[in-house]
Amino acid sequence: MQANRARYVIGNWKMNGSQQHVAAFFDRLSQVELPATEMVVCPPSIYLSQAAQILKPSSQIKLGAQDVSAHPPGAYTGQISASMLIEQGCRYAIVGHSERREYNKETDADVAAKFLAAKLAGLTPILCVGETHAQRLAEQTDKVVVSQLNSILSHHGADVFEGALLAYEPIWAIGTGLTATPEQAQAVHHLLRETIGGYDSSVAARLPILYGGSVKASNAAALFSMPDIDGALVGGASLQAEEFLAICESNK
Ligand code: PGA
């Protein structure tokens with residue numbers, strides 16, 4: 001049986017969707033009885049206020065951003081501050097997604113600054129870590145994910161992970177249709193929890209750790225059955241309301 005931790009399914013729409021898609025998706029979700037799991041949707045930031053208006057603050061479904069600025073409001077062209085996201089009805093922010101690390105050249109230090117800015121402003125940060133295929137083949141997975149985690153943990157301790165979320169997203173599994181096996185994912189989740197446990201065992205025991213990488217309704221239940229997998233960060237499959245709901249159903 002699973003530990004007594006909050007369970008999450010978080011949809012990351014990436015740069016997909018439209019006003020019409022937002023309306024159809026959230027209308028559909030507001031018509032059904034929702035499964036008893038924490039549900040978060042991260043549409044492109046431009047659609048946050050539209051989604052928030054459909055959902056209302058009392059909704060079980062919460063909104064997240066796919067990124068957040070490390071800075072308070074000021075002269076940072078194109079960026080969005082944590083306070084602005086909160087004003088739009090946002091409660092969560094993904095930080096350190098591998099696509100931002102790769103395409104936007106975000107370093108561990110950038111990711112740490114975003115994590116702390118989100119936390120300080122009152123957003124729940126979702127820290128993503130994960131290895132490339134070459135790193136897995138070279139048996140570097142453990143070293144890579146622990147070093148990504150340590151860029152925050154070793155400087156700021158375990159306390160900053162209280163009320164945060166962690167996501168293990170092997171890069172080779174993102175958008176490829178390849179999923180880590182439940183055993184592969186469990187091994188990394190366990191390592192991440194142990195690493196935090198080296199600083200504070202109760203923070204580690206409470207921290208939800210989500211798996212991401214080609215999660216869909218057909219493979220979610222097997223992943224969710226593992227003791228250290230508390231939910232999923234879902235990309236492609238989170239764009240379809242029925243598929244997203246089915247994944248949430250299997251994480252009750
Ligand atoms: P995917 O994306 O589910 O489309 O593989 C996962 C992610 O990037 O969070």
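Visitor: Which residues of strand S7 (residues 209–212) point one way, and which the other way?
Guide: Ile209 and Tyr211 point one way, while Leu210 and Gly212 point the other way. That fits the usual picture, because side chains in a regular strand alternate between the two faces of the sheet. S7 is called a strand because it is a DSSP run of type E; strands need at least two residues, helices (H or I) at least four, and both are numbered from the N terminus. You are looking at a predicted model, where local features need pLDDT of at least 70 and side-chain atom pairs count only at pLDDT 80 or more, while totals for chains, interfaces and linings use all residues. Residues are numbered from 1 along each chain as its sequence is written, and side-chain values use heavy atoms, leaving out hydrogens and water.

Visitor: Why are strand S6 (residues 165–168) and S7 said to pair?
Guide: Two strands pair if DSSP finds at least two bridges between them. S6 and S7 have three bridges, in the parallel sense, so they meet the rule. Ala167 stands opposite Leu210, and Tyr168 stands opposite Tyr211.

Visitor: What makes S7 and strand S8 (residues 231–234) a pair?
Guide: They share two bridges, again in the parallel sense, and at least two is what the rule asks for. Gly212 has Leu233 of S8 as its bridge partner. Between the two strands the chain passes through helix H10 (residues 217–224), making a right-handed β-α-β crossover.

Visitor: Why is that crossover called right-handed?
Guide: The name applies if, with the strands pointing away from the viewer, the path from the first strand over the helix to the second runs clockwise. Here the first strand is S7, the helix is H10 and the second strand is S8.

Visitor: Where do these strands belong in the closed barrel?
Guide: The barrel has eight strands, running S1-S2-S3-S4-S5-S6-S7-S8, with parallel pairing. From one strand to the next the twist averages 25 degrees. Helix H7 (residues 141–156) packs on the sheet, touching strand S5 (124–129) and S6, and its direction makes about 150 degrees with that of S5. Such angles run from 0 to 180 degrees between N-to-C directions, with axes as lines fitted to C-alpha atoms, for helices over the stretch in contact.

Visitor: Why does Ser214 count as buried?
Guide: Its relative accessible area is 16%. Buried means under 20%, exposed means over 50%, and partly exposed lies in between (1.4 Å probe, protein chains only), so Ser214 is buried. Ser214 sits in the loop between S7 and H10, with a positive phi near 55 degrees. Most residues other than glycine have a negative phi.

Visitor: How do you know how many disulfides there are?
Guide: A disulfide is a pair of cysteine sulfur atoms within 2.5 Å, and by this rule the count comes to zero. For Cys90, the nearest cysteine sulfur is that of Cys42, 7.1 Å away. For Cys128, it is also that of Cys42, at 9.3 Å. Cys90 is buried, at 2% relative accessible area, and Cys128 is buried at 2%.

Visitor: What makes Phe25 and Phe26 an aromatic pair, and of which kind?
Guide: Rings of Phe, Tyr and Trp (its six-membered ring) pair if their centres lie within 6.5 Å; planes under 30 degrees apart count as stacked, over 60 as edge-to-face and the rest as tilted. The centres of Phe25 and Phe26 are 5.1 Å apart and their planes stand at 75 degrees, so this pair is edge-to-face. A search of the whole structure finds seven aromatic pairs. Phe25 and Phe26 also belong to one cluster with Trp13 and Phe244. Phe25 is buried at 3%, and Phe26 is buried at 0%.

Visitor: Why is Ala23 called buried, exposed or partly exposed?
Guide: Ala23, in helix H1, has 24% relative accessibility, so the term is partly exposed. Leaving aside neighbours within four places in sequence, Ala23 is in contact with Gln50 and Ile54, where contact means heavy atoms within 4.5 Å.

Visitor: And what does Arg101 touch?
Guide: Not counting residues up to four places away in sequence, its contacts include Glu106, Asp108, Cys128 and Gln148. Arg101 lies in helix H4 (residues 98–103) and, at 15% relative accessible area, is buried.
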